[in-house]
Amino acid sequence: MAVRSVPEVVVRPAREDDLDAIVDLFATVAAEGRWIGTEAPVDRERRRQAMADALGEERTALLVADAQGQIVGELSLRLAGYGVADLGMLVAAGWRRRGVGTALLAEAVRRARAAGAHKLTLQVWPHNTAAIALYERFGFQREGYLRRHYRRRSGELWDAVVMGLPLD
Ligand SMILES: CC(C)(COP(=O)(O)OP(=O)(O)OC[C@H]1O[C@@H](n2cnc3c(N)ncnc32)[C@H](O)[C@@H]1OP(=O)(O)O)[C@@H](O)C(=O)NCCC(=O)NCCS
């Protein structure tokens, strides 16, 4: 796959001192209101604590895209005991369409495989064509469709697409 080069961006595991920046990024993308499950306002303290706890866990991975000290993307992986790793990711609005998502996802696939996962899974809003296009480029397939599944704070019930990528 041709990966557009973003030489200034390095994908690496998150560290404790990244957590405030990751929470900021998360809150900013949540405030966009259209792309991720979490809605604004984000409970920053709770989110930070959850990530701090995850840093020490064997079955979770938290990756960041680091652009010379600025955290411009984040990806979390959680490996279930039955061998499926669930992922969530986001890239800062000003850094999208420059290969950051691709770099994060490539590293996540590598790590999931190395951790013994036989499959990656995720959920995505049907209107999130950017994310679906990225996942399909990596070979994810649509495996299911959850109708009127997630209640938003507005009271709307949103559908979600379930996607999967076998690794075995
Ligand atoms: C989805 C997201 C992570 C993609 O990250 P990214 O860094 O922009 O992705 P890349 O630049 O690596 O794009 C790789 C490929 O994905 C597809 N893609 C990405 N953005 C796209 C868009 N807006 N429209 C169509 N295809 C798109 C393209 O095939 C693209 O390759 P190309 O640029 O050579 O055409 C990013 O848009 C994002 O963070 N969105 C908000 C949060 C979000 O939706 N998270 C996922 C929740 S399920």
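## Ligand shell, backbone outliers and salt bridges

Of the 23 residues around the ligand, those that come nearest are Val91, Arg97, Thr102, Asn128 and Arg137. The model is a predicted one.

**The ligand site**

By class, the shell around the ligand holds 13 nonpolar, five polar and five charged residues. Four elements each supply at least two residues of this shell: β4, α3, β5 (119-124) and α4 (129-137). The largest share comes from α4, with six residues.

Three arginines place an N or O atom against ligand oxygen. For arginine 97, a backbone N or O atom lies 2.7 Å from an oxygen atom of the ligand. For arginine 98, a backbone N or O atom again is involved, 3.1 Å from an oxygen atom of the ligand. Arginine 137 uses its side chain instead: a polar atom there lies 2.4 Å from an oxygen atom of the ligand. How much of the ligand does the protein bury? Taken alone, the ligand exposes 900 Å², and the protein buries 81% of that.

**Backbone outliers**

Most residues other than glycine have a negative phi, and most peptide bonds are trans. Several sites here are worth checking against that background.

Arginine 97 is one of them. Its phi is positive, about 65 degrees, although the residue is not a glycine. Arginine 97 sits in the loop between β4 (84-91) and α3 (100-114). Is arginine 97 buried or exposed? The cut-off for exposed is over 50% relative accessible area. Arginine 97 has 74% relative accessibility, so it counts as exposed. That value takes only the protein chains as cover. The residue is also among those nearest the ligand.

Glutamine 68 also has a positive phi, about 50 degrees, and is not a glycine. Its place is in the loop between β2 (60-67) and β3 (70-79). At 71% relative accessibility, glutamine 68 counts as exposed.

The peptide bond between alanine 40 and proline 41 is cis, with omega about -5 degrees. Proline 41 lies in the loop between α1 (19-32) and α2 (44-55).

**The β6-β7 hairpin**

Strand β6 (residues 141-151) pairs with strand β7 (residues 157-166). The sense is antiparallel, and the pairing runs over seven bridges. Tyrosine 150 has tryptophan 158, in β7, as its bridge partner. Five residues lie between β6 and β7 in this hairpin. In the turn, glycine 155 has a positive phi of about 100 degrees.

**Salt bridges**

How many salt bridges does the model contain? The count comes to 14. The table gives some of them.

| Basic residue | Acidic residue | N to O distance |
|---|---|---|
| Arginine 12 | Aspartate 18 | 2.8 Å |
| Arginine 152 | Glutamate 39 | 3.7 Å |
| Arginine 111 | Glutamate 107 | 2.8 Å |

The pair of arginine 152 and glutamate 39 meets through side chains. This pair links distant parts of the chain, 113 residues apart. Arginine 152 is in the loop between β6 and β7, while glutamate 39 is in the loop between α1 and α2. Arginine 152 has a relative accessible area of 6%, so it is buried.

Arginine 12 and aspartate 18 are both buried.

Glutamate 107 and arginine 111 sit in helix α3. They are four residues apart, which means a separation of about one helical turn. Glutamate 107 has a relative accessible area of 17% and is therefore buried. Arginine 111, with a relative accessible area of 29%, is partly exposed.

Some salt bridges share partners. One network of this kind joins Arg12, Asp18 and Asp66.

**Tryptophan 125**

Tryptophan 125 lies in the loop between β5 and α4. Why does tryptophan 125 count as buried? Its relative accessible area is 6%, and buried means under 20%. Tryptophan 125 and glutamate 8 are 117 residues apart in sequence. In space, their C-alpha atoms are 30 Å apart.

Definitions and conventions: Residues are numbered from 1 along each chain as its sequence is written. This is a predicted model: local features need pLDDT of at least 70, side-chain atom pairs count only at pLDDT 80 or more; totals for chains, interfaces and linings use all residues. Side-chain values use heavy atoms; hydrogens and water are left out. Buried means under 20% relative accessible area, exposed over 50%, partly exposed in between (1.4 Å probe, protein chains only). Two strands pair if DSSP finds at least two bridges between them. A salt bridge is a side-chain nitrogen of Lys or Arg within 4 Å of a carboxyl oxygen of Asp or Glu. A residue is near a molecule or strand if one of its heavy atoms lies within 4 Å of it. A polar contact is a pair of N or O atoms within 3.5 Å; within protein, one must be able to donate a hydrogen and the other to accept it, and residues adjacent in sequence count only if both atoms are side-chain atoms. Accessible areas come from the Shrake-Rupley method with a 1.4 Å probe; for residues, only the protein chains shown count as cover. Ala, Val, Leu, Ile, Met, Phe, Trp, Tyr, Cys and Pro count as nonpolar, Asp, Glu, Lys and Arg as charged, and the others, Gly among them, as polar.
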